[in-house]
Amino acid sequence: MTQSSGASRDTDQPPSCKIDRTAAAYDLSDEAERLGEYWTRDDERYSLRELAIHFNHLLLRAAMKRAGLNPLDGEVDNTYRLLTDEDVSQGMRTQARNRLEKQGIDVDHLHSDFVSYGTVRRHLKNCLGIERESTGTDNNPAETGAQRIAALQNRTVAVTENTLSQLASADELAAGDIDVFVDITVSCTQCGMHATIQEFIESDGCDCENPIPE
């Protein structure tokens, strides 16, 4: 684990990232700090996705308690699953939403406060100044995805160069000493971000969150 010297938190400054802002709104600032511990401890480390789910569970529990509900063991986990799992039927999701809304909980607003694993990564790196050294057992979906895309780009370059060489040899086109480049760009229609695929992955995507399932 590495922690930058500039990672000290200035409590006089307003929260700068989504997790800090949301944690402050739900009285969970201590839990936002604790995410770094769960990420770097020696035993039973949380993955980024597990940290995101853990934090979202805390948000849901806080919202339920504010509404006067007293969730039983496992109730928060199950309610979160009903609200977010793609495999949940529409009827079960609607029942879960209606139950919360009858208690005065704005489910759409709550879901907009839920965080993704990319948001957690930015919080750990930019707000807490924490980076965990990679191990052989770490599962880094972003790195794996980047490698897969890079392999496809290299394959496309190789196929293109070979095809052009064959066409030139058959006198179907004129080609000198050419270089082939394959660039992939990503554009988010919601926030307007435009970047190469490498830049998009390295910056942990954009700031948009996944919409709540209808």
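These questions and answers cover one helix pair and the salt bridges of a predicted model. Local features need pLDDT of at least 70 and side-chain atom pairs pLDDT 80 or more, while totals for chains, interfaces and linings use all residues. Residues are numbered from 1 along each chain as its sequence is written, and side-chain values use heavy atoms, without hydrogens and water.

Q: At what angle do the axes of H4 and H5 cross?
A: Helices are DSSP runs (H or I, at least four residues), numbered from the N terminus. Axes are lines fitted to C-alpha atoms over the stretch in contact, with angles from 0 to 180 degrees between N-to-C directions. The axes of H4 (residues 75–84) and H5 (residues 90–102) come within 8 Å and cross at roughly 120°.

Q: Which residue of H4 forms a salt bridge with Arg99?
A: A salt bridge puts a side-chain nitrogen of Lys or Arg within 4 Å of a carboxyl oxygen of Asp or Glu. Arg99 lies in H5, and its partner is in H4, so the pair ties together parts 24 residues apart in sequence. The closest N and O atoms are 2.6 Å apart, and the partner is Glu75.

Q: Is Glu31 buried or exposed?
A: Buried means under 20% relative accessible area, exposed over 50%, and partly exposed in between (1.4 Å probe, protein chains only). Glu31 forms a salt bridge with Arg34 at 2.8 Å, N to O. Arg34 is partly exposed at 31%. With 18% relative accessibility, Glu31 is buried.

Terms used:
Helices (H or I, at least four residues) and strands (E, at least two) are DSSP runs, numbered from the N terminus.
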